[in-house]
Structure formats: C-alpha cells, structure tokens
Amino acid sequence: MQKVEHSVLEETLERILSLQPEEKREEIVRAYEFAKERHGEQKRKTGEPYIVHPLNVALILAELGMDTETVIAGFLHDLIEDTQTSYEEIRELFGENVAQLVEGVTKIGKIKYKSDQAENYRKLILATAKDPRVIILKLADRLDNMKTLWVFREEKRKRIAKETLEIFAPLAHRLGVWKIKNELEDLSFKYLYPEEYEKVKNFVQQSRKELEEYLKKYVIPKVKEALERQGIKGEIQYRTKHYYSIWEKTKRKGIKLEDVHDILGVRIIVNTIPECYTVLGVIHSLFKPVPGRFKDYISLPKPNLYQSLHTTVVADKGKLVEFQIRTYEMHERAEKGIASHWAYKEGKGINDSQVYAWLRELVESIQGSSNPSDLLENLKNNLFFEEVFVFTPKGDLIVLPKGSTPVDFAYKIHTEVGNHCAGAKVNGKIVPLNYELQNGDVVEIITNPNKTPSYEWLAFVKTPKARNRIKQFLKQQEKERYISEGKRLFEKLRQRLGVSHEELLKKIREKVRFEREEELFLALGKRKISLTNLLKLIAPKEKSVHEEERDESVVYLEELNNIKYEVAKCCKPVPGDEVYGVITRVKGLVLHEAGCPNLKNVLKVNPEKVRKVEWKGKGRFLTDIRVVARDRIGLLSDIANAISQANSNIHLSTTRTNDTYAVMDFTISVKDRKHLNEVCERIKSVEGVERCSRLYT
C-alpha cells in the first residue's frame, strides 16, 4: 500500500498548469476538483487515492503538449465508467468535445482483446476513435496503469503486458509518439520476459558508464569544436537505446548483447534544415562513415511523422557511434509524434512544412493551412476510416472494407453462407442486403437453401471475394441452364431420327469433335451448333428444321393455327426462342421463353396448361436484357452506341452503380433471336462489359 501526500498532488497539478495557457488554468483546476469529488473515496490497487491516476494521465498529456480539452479529458476519462457521472453532465460542464473524448476512451476500454487478431484490434481502436486525440488519451491512460502493474497477480500482469506490447505500443509507433512507445515496450518487456529484461538492464548499466566516458573524451569534444568553427549553435545529447529495442535487435539479427554497438547514440539538435546537412558533413569529415548505415529521413520522412538524419561512423579506437541530426521542431515531433500537432500554445500554428507527406496525401485540403482546427477536422474524417469493424452474434470480430454490406459479411463467413443469403439482421433489426455496415454493428445472416445470388448484388458488394463468388455462381448457373437446354435439343433430335442416345452420340462424334457429352450439350444450348446444321451433317437426306416449319406470323399449337395469343411481359420472347404457351381463359395462349422462371412455376403446379409452341414472326419485338460492366465515365453512352450500331432501339433503361460495377437493364427492339444475339455481341465488345444476358422480370 502506498500513501500520497497532499503536497505531491498539488505539485503535480502545478506542473500541469505550468504547461498550459494561463487563461485555461482555471478550467483545468475546475476539472481536477470535479474528478476528485466524483472519485471520492475510491482507491487504486496500490492503496493510493484514485485521483492520483487521472492526475498522472493529465500530466502525461500536458508534457506531450496536448491541447487543454485533451488534458481536461485526462482528468475525467474514468468518470463515465467508474462513477455515476453521465456523458450529458460532462458535456454540460466542460463542452461537447471533452465529453466525446471521454466517451471515446470509455468505448475503447470495452473492446475485448484476442491475441490472434492483434492487427484487427489495433485497427478497430483507430476506427472507434473518431477523434485521434482519443488514442493519445488512451495511450497516456495505459502508460500510467503499466507503471503500477506490479500490484496484480502474475497471470493478469502478463495478460495486460501482452496486450500493451501487441496493441498499444504499435499504436504509439504508428502515431509517432516515441516517448510513450518506448516506455510501454520496456514496461511490457519487464513483465513478459523478466529474466531477459534483467540481463539487458544489467548489460546496459555496465556498458553505459564506459561508453559515456568514451563519448565525453573522444567524440563530443571533437564534434563541438568543429561545429563552433562552422558557427553552428545547437545541443549535443547522448541517449541510451531502450531495453526492449536492444533485446528485439538481438533476436532479429541473431546476435549477442555484446554485438549491439549502438547502445549509446549521439543526438545533435540544431535550428534549421541546412544546418542539419552541414552537421552531417562535419561528422563525416571527422570520422569514417560506415557504408549502408546512412538514412535521410528529412528528405523522405517515415510514415509516422519522423524526420532526422541517421549516420553511423567509425570513431577513435575503432568504435561504432550512431549520430542522429535534426532540428528542434523535428525533435519535438520525434518525441511526441502526432501529439505535437495539438500543442496549441499562444501564437503557435501548423504550417505546410510541419505536415508530412502521409498527412498531406490524406488531407490535401490543408496544404499551407495554419488553422489547427482544420487539421483536426480533416484528420477526424480521413485518417482512420479505411475499414469497418463488425461482429458476429457470437462476438467474433470481422474486418471488412468501408462500405461493405451484409452480403460481403456473408461471403467473409463462408461461400455457402453468401450463396444462400436471403436476408440480414443488424443489431437485431432486418436491413436491406445493400445496407452499409457501420463500426460496431452485430450482423446476423439469414440463409435459405432455395435462395441464390443475383446480378443486382454485383452493383453493391464491396469485397473482391464476394464479387468473385457471385460471378462464379452465376456463371455456373448459366452453364447448367445451357446444358439443360442442350440436352432437351439433343433429345428432340434423337426422337426426330428415331435412334438411341448412344447411336446419336456416335453419329455426331463422326462429324463434330467433343470429348464429353457435356461439351456437346453446352454447344447446343448456346446455339453454337444449330439443330438444322447438325441434322445436315449427320443425316443430309432429312428435311431441315426450317423446311418443316409452317407459315410465318402463325402460332401453331399441335395441329391448330390462328390461335389468340400474346407475349408474356415477364420474359418477352422473340421469334427464334424456344417458346412454350400457357393456356389461359382470358388471354388465350401466353407465350413464354423456355428459361422464364414463371413458366417453370406453372410447369410445377399446372403442367397440363403448358404446350410446346413453334413460332416465327415478322417485325420488331421488345425484349429485356441486363448488362453488367466495370463502371467508368462514358460507359452508358458507349453501350447505347453499340445497341444502335446493331440496328436496335432502346425503349427503356435503368442503371445502378457502385464504385466498381454498373448493372444496366434495357428494353430493346429486335427482329428475332439471331438479331438479339448480334446486339449482345456488340455490347460485349464495349470496354469493361463483362456480361450481357436475357433479363426475366
């Protein structure tokens, strides 16, 4: 148990106040007093008053140079979870922004961590925090908690340390907050690998004194004198490499501790970028540079806001010494990373030179801006929103691209779940299949063995897996339909010739090359081989199909003609199609194309009402087609031109698009099936078109 003197609390508060604008100090004291009153008699595991923790978190944030809102949120960050304080109360007393920061940290605290999905959970935290300051606040919270990890039993210590090393230290790295990253890694190292930690610690402590004496005697005086001759004023520091990075380096390179030569490095901090390069020249003139050990992170910054010149040289007595050369601004950002952008001191803004390439790419609109609020707003909208994080009903985390739908989710779970997806519930409520999933949604897929993918899904799915599986299914479905049609035509020809199945196959094999029956049926179904031409090949003396057809513009049902009929609106058959008639009382005979789903339903329920029809008409006939294509500018115009060039007119069209695909439905006029095929072939020749097919409504 530890006790904290009242004076210690006051000293910490005074330190925080000294790092904040004078006009904000009263508000900061008010936040401290409010948090102290609400936490009341609560104690930490160490025995300290609970207020010590939020006070320490606020200090970490203040030392990072965070803005006053974030520091105040540091005092209040545990109130919603650990006291009776509400979001609305914090908002009323300290404003909307502070309340959102506290709520954001509370949400992150509720995320359940699983070690096999570390990268996904890092992304989830980034996505959950709509304001990047929430991450900085959470890192400060975790750092102070890690400093008292010793109070827990070993199992819990290791679990928390592992989570810190796998989740929070990489987050600090990504945001460039090196000060917090290094401390989190060393503290985690201490509890996860205590023996290795002690070995590295002892080695560094034993080596440090000797290395410090070497630098003070052989390196720093030479460098200082040379810089003075150049008229360069700055600071020369040396720093010890932190323990975890030393241990990690030995593992990564397979070397011993004794072989790590950059335990102690020299850092030179100057005023301008030109001075950085002058210092580099001075260093290389004094000592021999090691080939391949020079990095220019000033011209090519790291993605996490880091800028500096790195070089390793062979100094006196053959010792390797690493130098880091940077400006004071670079040093601040190297220590604080993205946190340095919220150091809103009086008269301090953000100019273009402070915003590195990765931020400029994400937030092009703020180039040259000196308005910190613009940067914050753009970061909120752009920095961490590439993916969406949702959950299965069992609580498993699923990561999908932003804009994904329940269909994408279904295919992520399993291809069969996607192929039979009939509906979806999100957070317990039925939603459309094109609903755009949001972070934190709990998604349940409703399946039906009779439900299959449709072309409409291609217009809204986001993931390549979903798109590819849908296309594969539809392609296989189309293939099966063609094979079924081919089998029917084969059987028609067999009956016409009065031969057995095997005899007809043998006759056809003599004239047409195919390895399997399926290939023949597919060719017949796609009309790549017509019955008339096949008949001419295998039985030239037989009358052709056309010779047996009767008068044009007449519908023949068995031996009767001039029967009242009309074309079904659901499939709009055209002459040349395989056509069946459904007998009705009012409309007479309603003609359907063989693949029409409505016709298939009638065949199941009332097959006695269906008759095979031979139909050949003259004139123009309306029919529906669907085109699926990769979306681009000018696509619709190009398809319309292709239809026109094929001597067809568009009577109606509708288009649905997403960022990748367009699904377009057309009602067009054609003479017959052959003309329809010509139109589709023209359309397929248009750039980006992947499919043109008959549409049933």
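This briefing walks through one helix and two residues of the structure above. It is a predicted model, in which local features need pLDDT of at least 70 and side-chain atom pairs count only at pLDDT 80 or more, while totals for chains, interfaces and linings use all residues. Residues are numbered from 1 along each chain as its sequence is written, and side-chain values use heavy atoms, with hydrogens and water left out.

**Helix α20**
- Helices (H or I, at least four residues) and strands (E, at least two) are DSSP runs, numbered from the N terminus.
- Helix α20 covers residues 464-497, 34 in number, and its first and last C-alpha atoms lie 49 Å apart, close to the 50 Å expected at 1.5 Å a residue (1.5 Å times one less than the number of residues).
- Among its buried residues are I470, L474, L489, F490 and L493, where buried means under 20% relative accessible area with a 1.4 Å probe, protein chains only.
- The buried residues of α20 pack against several elements, including α18 (406-413), α21 (501-509) and β19 (661-670).
- Just beyond the helix, G498 has a positive phi of about 70°.

**T85**
- You will find T85 in the loop between α5 (79-82) and α6 (87-94), buried at 3% relative accessible area.
- Its side chain makes polar contacts with those of R38 at 3.0 Å and T83 at 2.9 Å; such a contact is a pair of N or O atoms within 3.5 Å, and within protein, one must be able to donate a hydrogen and the other to accept it, with residues adjacent in sequence counting only if both atoms are side-chain atoms.

**I683**
- I683 sits in helix α27 (residues 673-684) and is buried at 0% relative accessibility.
- Setting aside neighbours within four places in sequence, I683 is in contact with residues including I625, V627 and C692 (heavy atoms within 4.5 Å).

Terms used. Buried < 20%, exposed > 50% of the residue type's maximum accessible area, 1.4 Å probe, protein only.
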